[in-house]
Amino acid sequence: ALLCLFTFFFFFNDTATTEIYTLSLHDALPISLIVQVSNRTYAIPVNSVSESLMITTREIKSVERREVMQLRDRTLPLLWLKRIFNLSSDNGDIKKEYLYVVVVGLGEKRIGLVVDGVERQQDIVIKSIGNPLKNIHGIIGAAELGNRNTILVLDIGALIKEISIIA
């Protein structure tokens, strides 16, 4: 198993103390679900993901001008990431028959994020982002994938709040 070493130096009354902590990478790095939206790649922290599924466009209903779907015994509000981030569609505005929905939530609040594709789960290191990107609503940080591509990490709490603003 890969290990990650952290060394901390403490100074107390002019005396230096060193402590070394060893963590497995599984403990040190959050696992994220890697998704595609309009030819862009995003990470969703897997601890907020309930499930991912493929639905037909016929399963989407409109309730009080909001798009929702029925998921077992509850109505799930849908949030299209390409609309939130003002991304152009990779194939124009041609309607797809099937859509991917990633069900995310915090506590009892759940929403469905509509994405173009679900790729894989991956350990990532989330880095904070500086100006001007830190003010992008719905983004909590960035991560570098093993292929040297940098992706944005979604802020699920902010996206859940977005649903209540739209409502």
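**Exercise 1. The nonpolar cores**

Task: In this predicted model, determine how many residues the largest nonpolar core has and which of them have the most contacts inside it.

Solution: The largest nonpolar core has 23 residues, and those with the most contacts inside it are Ile44, Leu113 and Leu154. As a next step, assign this core to secondary structure: strand 3, strand 4 (40-45), strand 10 (98-106), strand 11 (109-115), strand 13 (139-144) and helix 3 (156-166) each supply at least two of its residues. Helix 3 provides the largest share, namely four residues. Apart from this core lies another one, of 12 residues, among them Ile55, Met69, Val103 and Val114.

**Exercise 2. The surroundings of Leu154**

Task: Leaving aside neighbours within four places in sequence, list the residues with which Leu154 is in contact.

Solution: Once those neighbours are set aside, the contacts of Leu154 include Tyr42, Ala43, Ile44 and Pro45, and also Leu81, Phe85 and Leu113. The list is completed by Gly138, Ile139, Ile140 and Leu159.

**Exercise 3. A polar residue in strand 3**

Task: Decide whether Gln36 counts as buried or exposed, and identify the side chain that a polar contact joins to that of Gln36.

Solution: Begin with the location of Gln36, which is in strand 3 (residues 31-37). Its relative accessibility is 19%, and because buried means under 20%, Gln36 counts as buried. The side chain of Gln36 is joined to that of Thr41 by a polar contact of 2.6 Å. Beyond four places in sequence, Gln36 is in contact with Thr41, Val115, Asp116, Gly117 and Glu119.

Key
Residues numbered from 1 in each chain as written. Predicted model: local features only at pLDDT ≥ 70, side-chain atom pairs only at ≥ 80, totals over all residues. Heavy atoms only, no water. Buried < 20%, exposed > 50% of the residue type's maximum accessible area, 1.4 Å probe, protein only. Polar contact = N/O pair within 3.5 Å; in protein donor to acceptor, adjacent residues only side chain to side chain. Contact = heavy atoms within 4.5 Å. Core = buried A, V, L, I, M, F, W, Y, C linked by side-chain atoms within 4.5 Å.
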